[in-house]
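This briefing accompanies a single-chain model and is meant to be read beside the sequence and the coordinates. It begins with the chain as a whole and then turns to individual helices, side-chain pairs and loops.

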Amino acid sequence: MTIPTQAPELTVTTSATQTDAQLIIQLAQLSTSMRVDHGVALLHKHHKQGNAGLSYEAFQAAYPDGDADGTAILNVLAWNETVGTLVKQGLLDRGLVLDWLWVAGAWDRCRAIALGQREEMGVPGIWENFEALAASQT
């Protein structure tokens, strides 16, 4: 089965650099060492089980502090925040990142956890670069 793209055409931009490409490779390696893929898989599983996904309260109940799976989920937030920060600071091309990653989907799957932490910690800026990057993709 082929899933057609919604884009009428694909174009090549010239704003990304060789340095951006090298940083993308390093970020991919970092995501592997942080087990981001495992965290994404867990978030996806929860998203499929309930339309709203994993609430912050359900996350806390299912994954106590120090739990390896909970850490992998939190690493999805941390890794995407790193990518968002690099984009925000102009160190990584936004177009390249948005062509590479489905940031909006990742944010959608862990939004409740991020917003729950933001409220609990009383830190309005936590995860803001991840959220902003995701908003730019929609």
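Among contacts in the chain between residues at least 6 apart in sequence, what percentage join residues at least 24 apart? In this predicted model, the figure is 73% of those contacts. The chain has 7 helices and 0 strands, so that the order of elements from the N terminus reads α-α-α-α-α-α-α.

**The chain as a whole**

- Of the 138 residues in the chain, 37% are buried.
- The area that the chain exposes comes to about 8500 Å², and carbon and sulfur atoms supply 55% of this area.

**Helix α7 and what covers it**

- Helix α7 spans residues 128-137, and its buried residues are Asn 129, Phe 130, Leu 133 and Ala 134.
- When α7 is viewed down its axis, these buried residues fall within an arc of 135 degrees, so they line one face of the helix.
- The cover over the buried residues of α7 includes α4 (68-88), α5 (94-100) and α6 (103-121).

**Glu 81, a buried charge in α4**

- Glu 81, which is found in helix α4, is buried yet has no salt bridge.
- The nearest side chain of opposite charge to Glu 81 is that of Arg 118, at 6.8 Å, whereas a salt bridge requires a side-chain nitrogen of Lys or Arg within 4 Å of a carboxyl oxygen of Asp or Glu.
- Leaving out residues up to four places away in sequence, Glu 81 touches Trp 127, Glu 128, Asn 129 and Phe 130.

**Asn 75, also in α4**

- Asn 75 is found in helix α4 and, with a relative accessible area of 18%, is buried, the cut-off being under 20%.
- Apart from neighbours within four places in sequence, Asn 75 is in contact with Met 34 and Val 36.

**Aromatic pairs**

- The structure holds 3 aromatic pairs, including one between Phe 59 and Tyr 63, whose ring centres are 5.6 Å apart and whose planes meet at 40 degrees, so the pair is tilted.
- Both partners of this tilted pair are buried, Phe 59 at 5% relative accessibility and Tyr 63 at 9%.
- Another aromatic pair is formed by Trp 107 and Phe 130, which are edge-to-face, with 5.0 Å from centre to centre and 85 degrees between the planes.
- This edge-to-face pair links distant parts of the chain, as Trp 107 is in helix α6 and Phe 130 in helix α7, 23 residues apart.
- Trp 107 is buried, with a relative accessible area of 6%, and Phe 130 likewise counts as buried, at 0% relative accessibility.

**Salt bridges**

- The structure holds 2 salt bridges, one of which joins Asp 108 to Arg 111, with the closest N and O atoms 3.4 Å apart.
- Asp 108 and Arg 111 are 3 residues apart in helix α6 and are therefore separated by about one helical turn.
- Asp 108 counts as partly exposed at 35% relative accessibility, and Arg 111 counts as partly exposed at 35% as well.
- In the salt bridge between Arg 118 and Glu 131, the N to O distance is 2.9 Å.
- The pair of Arg 118 and Glu 131 links distant parts of the chain, with Arg 118 in helix α6 and Glu 131 in helix α7, 13 residues apart.
- Arg 118 counts as buried at 16% relative accessibility, whereas Glu 131, at 28%, counts as partly exposed.

**Loop residues with positive phi**

- Arg 35, a residue other than glycine, has a positive phi near 60 degrees and lies in the loop between α1 (18-33) and α2 (36-49).
- At 36% relative accessibility, Arg 35 counts as partly exposed.
- Trp 127, although not a glycine, has a positive phi of about 65 degrees, and its place is in the loop between α6 and α7.
- Trp 127 is buried, with a relative accessible area of 12%, and is one of the residues that Glu 81 touches.

Definitions and conventions:
Residues numbered from 1 in each chain as written. Predicted model: local features only at pLDDT ≥ 70, side-chain atom pairs only at ≥ 80, totals over all residues. Heavy atoms only, no water. Buried < 20%, exposed > 50% of the residue type's maximum accessible area, 1.4 Å probe, protein only. Helix = DSSP H or I, 4+ residues; strand = E, 2+ residues; numbered from the N terminus. Arc of directions from axis to C-beta. Contact = heavy atoms within 4.5 Å. Lys, Arg positive; Asp, Glu negative; His and termini not counted. Phe/Tyr/Trp six-rings, centres within 6.5 Å; stacked < 30°, edge-to-face > 60°. Areas by Shrake-Rupley, 256 points an atom, 1.4 Å probe, with all protein chains shown as cover.
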